[in-house]
Amino acid sequence: MTTPPDPRYGPPPGYGPPPGYGPPMGYARPTNTLAILALVFAFVFAPAGLVMGIAARRQIQRTGEVGSGLALAGTIVGGVFTAFWVLAIVFWIIALSALSSGSFAP
């Protein structure tokens, strides 16, 4: 035989029991580390950022991680900076060869 609970304890009249915990939080997919490095290296050493961005996009397609936008940004920025430096080097080579051959007479 059990005795009924003491009415002095528990929630006040008109209120239900205290709420329990909410639903559990979902699992957040991790960000691809290579994608982060691709964006960083795109500004530090552009060819490495370009290569890392391409590799990160392939990895993300295979693993389903987050970071596709970072990898794309690393690829684009790395490609633009690499193209700029290649054009600058080609320009300097043409300018130096023209100066050494005497094409530009003062």
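Thr-82 has its place in helix α3, and in this predicted model the residue makes a convenient point of entry. With a relative accessible area of 18%, Thr-82 falls under the 20% cut-off and therefore counts as buried. Once its neighbours within four places in sequence are left aside, Thr-82 is in contact with Ala-46 and Pro-47, and both of these residues belong to the α2 side of the contact between α2 and α3.

That pair of helices can be followed next. Helix α2 spans residues 46–63 and helix α3 spans residues 68–101, and their axes come within 7 Å while crossing at roughly 150 degrees. Because angles over 145 degrees count as roughly antiparallel, α2 and α3 are roughly antiparallel to each other, and their crossing is left-handed. On the α2 side the contact is made by Ala-46, Pro-47, Gly-49, Leu-50, Gly-53, Ile-54, Ala-56, Arg-57 and Ile-60, and on the α3 side by Ser-68, Ala-71, Leu-72, Gly-74, Thr-75, Gly-78, Gly-79, Phe-81 and Thr-82. Sorted by class, this contact holds nine nonpolar, eight polar and one charged residues, with glycine counted among the polar ones.

Seen as a whole, the protein has three helices and zero strands, so that its elements, taken from the N terminus on, run α-α-α. Of the 106 residues in the protein, buried residues make up 16%, and Thr-82 is one of the buried residues. Among contacts with a separation of 6 or more, 61% are accounted for by residues 24 or more positions apart. The protein exposes about 8600 Å², of which carbon and sulfur atoms supply 73%.

Notes: Residues are numbered from 1 along each chain as its sequence is written. This is a predicted model: local features need pLDDT of at least 70, side-chain atom pairs count only at pLDDT 80 or more; totals for chains, interfaces and linings use all residues. Side-chain values use heavy atoms; hydrogens and water are left out. Axes are lines fitted to C-alpha atoms, for helices over the stretch in contact, and angles run from 0 to 180 degrees between N-to-C directions. Helices (H or I, at least four residues) and strands (E, at least two) are DSSP runs, numbered from the N terminus. Angles under 35 degrees count as roughly parallel, over 145 as roughly antiparallel, 65 to 115 as roughly perpendicular and the rest as oblique. A crossing is left-handed if the near helix is turned anticlockwise from the far one by less than a right angle, and right-handed if clockwise. Contact means heavy atoms within 4.5 Å. Buried means under 20% relative accessible area, exposed over 50%, partly exposed in between (1.4 Å probe, protein chains only). Accessible areas come from the Shrake-Rupley method with a 1.4 Å probe; for residues, only the protein chains shown count as cover.
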